[in-house]
Structure formats: C-alpha cells, structure tokens
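Student: Hey, could you walk me through this one? I'd like to start with how the strands pair up.

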Amino acid sequence: MNNMPKILIIAGAVLIIAGLLWSFLGRFIHLGRLPGDIMIDKGNVKFYFPIVTCILISVVLSLISYIVRWFMK
C-alpha cells in the first residue's frame, strides 16, 4: 500500500500544530527579532534579514527530520 496519504496527513497535522504553537508562543518568544538578525533602517529604505532566526529554524527542523527518520526505521 502507498504511504503517501499517511505522510501527507502527518505533515498537515504537524504544520497545524506548529502554526498554533507559533501563534500562542509568539507572545513570549520573539522569533524574528533575535540578536544577530540584520535590520537596516535608513530614511525611506528598510531592510530586514533574519539570519539567526533562519539558522535556528533550520536546526530545529533538521533535528525533527532526523528524529522522524529514526522512528520510521
């Protein structure tokens, strides 16, 4: 049997949970405003690049992916 529907359902549930957590925990954890994020504000030009936030999200998602693959063996 094809596992794709099961994987899509799990992925959707994980995204919904992540969205809910982000909206509730966003009040306490200011993700996107971490030290090291680049923000330049000169006159009419605003540039914002959340490099530290991107690295943090990448590490967390990599760990989650590693754990999921480890449990799927």
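Tutor: Sure, one definition to begin with: two strands pair if DSSP finds at least two bridges between them. Helices (H or I, at least four residues) and strands (E, at least two) are themselves DSSP runs, numbered from the N terminus.

Student: OK, so what's the bridge partner of Lys42 in E2?

Tutor: That's Val45. Strand E1 (residues 38–42) and E2 are joined by 5 bridges and run antiparallel.

Student: And what sits in the turn of that hairpin?

Tutor: There are 2 residues between E1 and E2, and Gly43 in the turn has a positive phi of about 60°.

Student: Is this model predicted, and how are things counted?

Tutor: Predicted: local features need pLDDT of at least 70, side-chain atom pairs count only at pLDDT 80 or more, and totals for chains, interfaces and linings use all residues. Residues are numbered from 1 along each chain as its sequence is written, and side-chain values use heavy atoms, with hydrogens and water left out.

Student: What's the mean pLDDT of the chain?

Tutor: It's 87, and 99% of the residues reach 70 or more. pLDDT is the predictor's confidence in each residue, from 0 to 100. Among the elements, strand E2 (residues 45–49) has the highest mean, 93, while helix H1 (residues 4–25) has the lowest, 87.

Student: Which pattern does the chain follow along the sequence?

Tutor: It reads α-β-β-α, with 2 helices and 2 strands.

Student: New topic. Why does Thr53 count as buried?

Tutor: Because its relative accessibility is 5%. Buried means under 20% relative accessible area, exposed over 50%, and partly exposed in between (1.4 Å probe, protein chains only). Of the 73 residues in the chain, 4% count as buried.

Student: Where is Thr53 found, and what is it in contact with?

Tutor: Thr53 is in helix H2 (residues 51–72). Leaving aside neighbours within four places in sequence, Thr53 is in contact with Leu31, Gly32, Arg33, Leu34 and Asp37. Contact means heavy atoms within 4.5 Å.

Student: What about the overall shape?

Tutor: The C-alpha trace spans about 60 × 25 × 20 Å along its principal axes.

Student: Which residues does UniProt list for "transmembrane region"?

Tutor: The unreviewed entry lists 7–25 and 45–68. UniProt positions are given in the numbering used here, feature names are shortened, and annotations may be inferred rather than shown by experiment. In the model, residues 7–25 are 100% helix and 0% strand, whereas residues 45–68 are 75% helix and 21% strand.
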